[in-house]
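Open your viewer and have the selection panel ready. We will go from the cysteines to the fold, then to the surface and one helix residue.

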Amino acid sequence: MTCPYFAAFVFSPADLVTGPLFGFTTPRALGKAVVRNRIRRRVREAVRLERHAFGTNWMIVFNPRRSCLEASFEDIRREVARVASRCK
């Protein structure tokens, strides 16, 4: 799944019942470590706040884009909620 702020790679293994698992990648092309960490923290916090909306048998990896740095936090959270709505 894609949006202007990140790409989400979604996988639903049949034997996963412990709850949703999340991963975060930030390629070096996004900038130096400080910039990559800031982007990762913003996306991770949005996922933490929307974690309840995800189903229990999903593995999701978020790959942020550079536009995530300039986006408002509410926009990022809204896009994470959109991914969650498709992962029920």
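Start by selecting every cysteine sulfur: the structure holds zero disulfides, a disulfide being a pair of cysteine sulfur atoms within 2.5 Å. Centre on Cys 3, which is in no disulfide; the sulfur of Cys 68, the nearest cysteine sulfur, is 7.9 Å away. Now move to Cys 87, also in no disulfide, where the nearest cysteine sulfur is that of Cys 3, 13 Å away.

Is Cys 3 buried or exposed? Cys 3 is buried, with a relative accessible area of 7%. Cys 87 is buried as well, at a relative accessible area of 0%. Here buried means under 20% relative accessible area, exposed over 50%, and partly exposed in between, with a 1.4 Å probe and protein chains only.

A word on what you are viewing: this is a predicted model, in which local features need pLDDT of at least 70 and side-chain atom pairs count only at pLDDT 80 or more, while totals for chains, interfaces and linings use all residues. Residues are numbered from 1 along each chain as its sequence is written, and side-chain values use heavy atoms, leaving out hydrogens and water.

Next, switch to a cartoon and colour by secondary structure. You will find three helices and three strands, in the order β-β-α-β-α-α along the sequence. These elements are DSSP runs numbered from the N terminus: helices are H or I with at least four residues, strands E with at least two. The radius of gyration is 13 Å, close to the 12 Å that the globule rule gives for 88 residues, so the chain is as compact as a globular protein of that length. That radius is taken over C-alpha atoms, and the rule is 2.2 Å times the number of residues to the power 0.38.

Show the C-alpha atoms alone, and they fill a box of roughly 40 × 25 × 20 Å along the principal axes. Colour by burial next: buried residues make up 39% of the 88 in the chain. If you draw contacts (heavy atoms within 4.5 Å), then among those between residues at least 6 apart in sequence, 86% join residues at least 24 apart.

For the last stop, select Arg 48 in helix H1 (residues 33–50). Arg 48 is exposed, with a relative accessible area of 52%. Add Phe 22 and draw a distance: the two C-alpha atoms are separated by 9.7 Å, although the residues are 26 apart along the chain.
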